[in-house]
Amino acid sequence: MSVKKMVDNISREERSAQMAKIHSKNTKPEKIVRSMLFRMGYRFRICQTGLPGKPDIVLKKHKSVIFVHGCFWHGHDNCKNARIPKSNVEFWTNKIKRNQERFAEVKHQLELEGWKVFVIWECELKKNAIEKTMQKLVSQIQQYNI
């Protein structure tokens, strides 16, 4: 993981309050992906608790799961949204590294169970990239079902 630092212009307490407001499910990026998949004719379940890692989107018919990762929280390499705050660097570096390790374990477990695992990064859902991202995802899902 490349560690880039960003300037933190707010206090530790304010940063903590902001981070506490961030939700782990039904995020805007997840809603975008679900909406696009639904418009493309895919039917799915969300936040399946019975599967390792509780995937964001489960396409049972295609034996596929989709994780919509936030670039910051999952340490997206070479992404400007994945910068580590300048305050409490060790904490954030360890937290993001552990998120990456945990996901690798979850992905491995899902693959052992026969699931195809796809990741969509938050930065891939910008207006100028969303169509290409979704076409690539659908193409990959269909490729595995041949």
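Select Ile130 first; this residue is found in helix H4. The model is a predicted one. Is Ile130 buried or exposed? At 13% relative accessibility Ile130 counts as buried, because the limit for that class is under 20%. Show its surroundings next: leaving aside neighbours within four places in sequence, Ile130 is in contact with Ile32, Met36, Glu124 and Leu125. Then draw a distance between the C-alpha atoms of Ile130 and Val33, which comes to 8.8 Å. Along the chain these two residues are 97 residues apart.

**Helices H2 and H4**

Select helix H2 (28–39) and helix H4 (130–144) together. How do the two axes lie? The axes of H2 and H4 come within 11 Å and cross at roughly 65°, and the crossing is right-handed. On the H2 side, the contact is made by Ile32, Val33, Met36 and Leu37. On the H4 side, the residues to select are Ile130, Glu131, Met134, Leu137 and Val138.

**The nonpolar cores**

Stay with Val33 and widen the selection. Not counting neighbours within four places in sequence, Val33 is in contact with Ile57, Val68, Ile120, Leu125 and Met134.

Now select the largest nonpolar core, which has 16 residues. The members with the most contacts inside this core are Val33, Leu37, Ile66, Ile120, Met134, Leu137 and Ile141. Which elements supply at least two residues each? They are H2, strand S3 (57–59), strand S4, strand S6 (116–121) and H4. Of these, H4 gives the most, with five residues.

A second core, separate from this one, has nine residues. To find this second core, select Val58, Val65, Phe103 and Leu110, which are among its members.

**The sheet**

Hide the side chains and show the strands. There is an open sheet of four strands in the order S2-S3-S4-S6, and the pairing is mixed. Strand S2 (45–46) and S6 are the edge strands, each pairing on one side only. With the sheet on display, bring back H2: this helix packs on the sheet and touches S2, S3, S4 and S6. The direction of H2 makes about 140° with that of S4.

Go to the S2 edge. S2 and S3 run antiparallel and are joined by two bridges. Select Arg45 to see one end of a bridge; its partner in S3 is Val58.

Move across to S4 and S6. How many bridges join these two strands? Six bridges join them, and the strands run parallel. Select Val68 and then Ile120, its bridge partner in S6. Although S6 is an edge strand, S6 is mostly covered, with five of its six residues buried.

**Three loop residues**

Select Lys63, in the loop between S3 and S4. The phi angle of Lys63 is near 50°, a positive value in a residue other than glycine. Lys63 counts as partly exposed, at 32% relative accessibility.

Next select Asn78, in the loop between S4 and S5. Phi of Asn78 is near 55°, again a positive value in a residue other than glycine. Asn78 counts as exposed because its relative accessibility is 66% and the class begins over 50%.

Then select His76, in the loop between strand S4 (64–69) and strand S5 (84–85). Is His76 buried or exposed? His76 is buried, with a relative accessible area of 17%. Display its contacts: apart from residues up to four places away in sequence, His76 touches Cys71, Ala82, Trp121 and Cys123.

**The whole chain**

Clear the selection and show the protein chain as a cartoon. Its secondary structure comes to four helices and six strands. Tracing the chain along the sequence gives the pattern β-α-α-β-β-β-β-α-β-α.

Colour by accessibility to see the division between inside and outside. Of the 146 residues in the chain, 36% are buried. The chain exposes about 9,400 Å², and carbon and sulfur atoms supply 50% of that area.

A contact map is a useful last display. Among the contacts with a separation of 6 or more, 60% join residues 24 or more positions apart.

Key
Residues are numbered from 1 along each chain as its sequence is written. This is a predicted model: local features need pLDDT of at least 70, side-chain atom pairs count only at pLDDT 80 or more; totals for chains, interfaces and linings use all residues. Side-chain values use heavy atoms; hydrogens and water are left out. Buried means under 20% relative accessible area, exposed over 50%, partly exposed in between (1.4 Å probe, protein chains only). Contact means heavy atoms within 4.5 Å. A nonpolar core is a set of buried Ala, Val, Leu, Ile, Met, Phe, Trp, Tyr and Cys residues joined through side-chain atoms within 4.5 Å. Accessible areas come from the Shrake-Rupley method with a 1.4 Å probe; for residues, only the protein chains shown count as cover. Two strands pair if DSSP finds at least two bridges between them. Axes are lines fitted to C-alpha atoms, for helices over the stretch in contact, and angles run from 0 to 180 degrees between N-to-C directions. A crossing is left-handed if the near helix is turned anticlockwise from the far one by less than a right angle, and right-handed if clockwise.
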